[in-house]
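Me: I would like to go through this model and ask, term by term, what justifies each label.

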Amino acid sequence: MAIDLTAEQKEVGKANFQRVVGRHYDLNRRDFMKGLLAAGTVLPISAAAYFGYQKLHGNPVKAGLIGAGDEGGVLVGEHNPEYLEFIAYSDIRPTNQDRIFTGEPTGPRKGFNKHYGNNAKNKIKLYPDYRELLQNKDIEAVVIALPLHLHAPVALEAMKAGKHVLCEKLMAWNVSQCKEMIRVADETDRCLAIGHQRHYSMLYAHAVEVLKTGDLGDIRHIRALWHRNNALPKLDKEGKEITDPNHKSVYKDSWYPEILPTDRKALEGQIRQLGYKSVEELVRWRLFNRTGGGLMAELGSHQLDACSIFLGKVHPLAVSGFGGKLFYRDEREVDDHVFVTFEFPGPGYFADKERKVVKDKNDLVVVTYSSISTNSFEPYGECVMGNHGTMIVSQEAEIMLYPQGPGATRSTVVTVSQGKGLTVLDSSASTGAPEQNAVTAGKKSLGEAPVSRGYREEMEDFAYCVRMWNQADKKDRRLPRCHGRVAMADAIIALTSNQAMHQNQRIEFQHAWFEPTSNEVPDAEMKPEVVTG
């Protein structure tokens with residue numbers, strides 16, 4: 001995120017954040033991290049304790065997986081069978097049907113066999129048609145990890161069939177579909193959760209808790225980005241560049257995967273009956289407007305969700321931006337570079353709790369986001385800038401903190417001091433025993449193990465919500481942290497960004513767009529195109 005930080009400065013930044021967390025344990029133990037730091041026996045803080053869910057004590061939710069591709073593989077790899085037990089799955093691609101069991105040698109896609117043993121295929125039934133899976137009365141919930149254009153149609157069918165639904169992000173292909181999903185969830189009395197996993201990241205939870213203290217001061221800018229290099233040529237075993245039949249370079253582009261002969265042979269003759277124009281559209285669905293939502297839907301929605309969480313989950317006021325197909329010269333329709341600017345309300349912008357009456361129109365926080373496909377020198381993360389300090393959240397894995405003020409540099413050690421009823425960043429920190437103890441406490445709170453990205457925790461809480469669904473009155477019912485109304489706001493942000501870029505104009509967000517009962521949407525012209533045989 002900060003391109004000129006040295007390795008030593010990064011370590012100082014991480015220690016600064018750990019120290020600030022540890023000092024708040026001393027100063028604000030009743031409020032900070034929900035008071036869970038008060039007893040040393042609970043360190044590190046567990047996600048279940050912080051987010052408020054419990055174990056299911058041998059009664060996991062019976063689930064079906066619909067969509068066993070890349071994202072489905074991540075969810076299977078990260079799920080906890082003590083909460084969510086998969087007994088069925090559905091996918092139309094033969095290669096996905098195999099890979100969902102075997103997984104991959106490295107990375108998060110561990111496969112069913114890792115969780116259920118090498119005979120998992122005997123326990124987890126394949127349904128080539130997901131509609132047949134929905135008729136299985138033993139299945140209580142479904143996890144949907146399909147191409148974006150299918151999120152709403154399949155989720156609606158699932159809820160109408162009596163299933164609770166955890167659907168991958170983005171919530172839906174257009175905003176009207178989001179609103180319909182919320183209405184049907186209410187009508188069918190089903191739990192609807194959307195997979196924006198940062199809502200369950202303990203790393204982000206700690207970041208939010210520090211932001212709530214006001215230590216960073218007056219925040220006026222957040223810079224977010226997700227930069228990848230999918231423009232490097234593929235090489236053969238001899239190190240020579242691979243080209244296509246037209247002698248054009250073949251790139252290492254994760255959105256343009258190779259179509260394996262097994263899939264092409266099995267699907268090509270029936271592809272339109274399966275709802276696709278071609279096998280290419282099925283396998284490379286992220287590249288096409290009919291099936292995907294581009295960089296803002298796939299990547300930007302994560303970053304803007306995080307920024308919104310940092311600002312108190314407020315809705316933006318306006319967005320403008322530029323997007324273009326700047327590098328690739330192939331059949332893809334989506335932009336390969338996007339740059340957007342959001343205007344969010346500051347803490348004094350509105351005069352009322354309903355956020356309808358403007359008090360100070362100049363009280364704004366500007367959030368910028370970029371996603372590029374031709375350079376990964378800065379990978380991904382968020383940088384929150386206040387007049388007292390800067391916080392960097394890098395790659396969902398680490399947080400660094402740096403002070404602002406006279407003489408402060410990126411090598412300055414900070415702690416938190418208290419005065420006049422407030423806590424402030426103190427750049428005159430010593431490195432004595434109290435400060436070392438604060439670093440240790442912060443480290444324990446964050447945990448020594450590799451940071452979880454939140455997938456496992458979101459599925460555990462979803463299962464807990466399902467299991468508790470009928471044990472409380474509807475008005476008191478526990479909902480997932482990213483339920484339909486929360487996720488619709490993330491979808492509105494991403495999809496309105498696309499509108500602003502394509503129309504080359506600044507768009508102001510309307511209150512009615514965020515109301516599920518209103519038919520007003522920012523993308524009324526976006527009508528789904530259905531392919532039939």
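Reply: A good place to begin is Lys313, which is found in the loop between α12 (294–310) and β8 (318–324), where helices (H or I, at least four residues) and strands (E, at least two) are DSSP runs numbered from the N terminus. The model is a predicted one, in which local features need pLDDT of at least 70 and side-chain atom pairs count only at pLDDT 80 or more, while totals for chains, interfaces and linings use all residues. Residues are numbered from 1 along each chain as its sequence is written, and side-chain values use heavy atoms, with hydrogens and water left out.

Me: Why is Lys313 called partly exposed?

Reply: Buried means under 20% relative accessible area and exposed means over 50%, with partly exposed in between (1.4 Å probe, protein chains only). Lys313 has a relative accessible area of 25%, so it is partly exposed. Lys313 also has a positive phi of about 60 degrees although it is not a glycine.

Me: What makes Asp189 partly exposed?

Reply: Its relative accessible area is 22%, and therefore Asp189 counts as partly exposed. Asp189 is found in the loop between α8 and β6, and has a positive phi of about 60 degrees without being a glycine.

Me: How do you know that Asp461 is buried?

Reply: The relative accessible area of Asp461 is 0%, so the residue is buried. Asp461 belongs to helix α14 (residues 455–467), and, leaving aside residues up to four places away in sequence, Asp461 touches Tyr53, Tyr200, Arg478, Pro480 and Arg481, contact meaning heavy atoms within 4.5 Å.

Me: What makes Arg223 and Glu378 a salt bridge?

Reply: The term requires a side-chain nitrogen of Lys or Arg within 4 Å of a carboxyl oxygen of Asp or Glu. The side chains of Arg223 and Glu378 meet at 2.9 Å, N to O, so the pair qualifies as a salt bridge. This pair links distant parts of the chain, with Arg223 in strand β7 (residues 219–227) and Glu378 in the loop between β10 (364–372) and β11 (380–386), 155 residues apart. Arg223, at 27% relative accessibility, counts as partly exposed, whereas Glu378, at 12%, counts as buried.

Me: Which residue forms a salt bridge with Arg290, and how many salt bridges does a search of the whole structure find?

Reply: Arg290 forms one with Glu281, the closest N and O atoms being 2.8 Å apart, and both Arg290 and Glu281 are buried. Salt bridges that share partners also join Asp70, Arg99, Glu104 and Arg109 into one network. The search of the whole structure finds 36 salt bridges.

Me: How do you know that β1 and β4 are joined?

Reply: Two strands pair if DSSP finds at least two bridges between them. Four bridges join β1 (residues 61–66) to β4 (residues 141–144), which run parallel, so the two strands satisfy the criterion for pairing. Ile66 stands opposite Ile144 in β4.

Me: Why do β3 and β6 stand at the edges?

Reply: The six strands form an open sheet with parallel pairing, in the order β3-β2-β1-β4-β5-β6. β3 (125–126) and β6 (192–195) each have a single partner strand, so one side of each is left without a neighbour in the sheet. Helix α7 (residues 151–160) packs on this sheet, touching β1, β4, β5 (164–168) and β6.

Methods. Axes fitted to C-alpha atoms, helices over the stretch in contact; angles between N-to-C directions.
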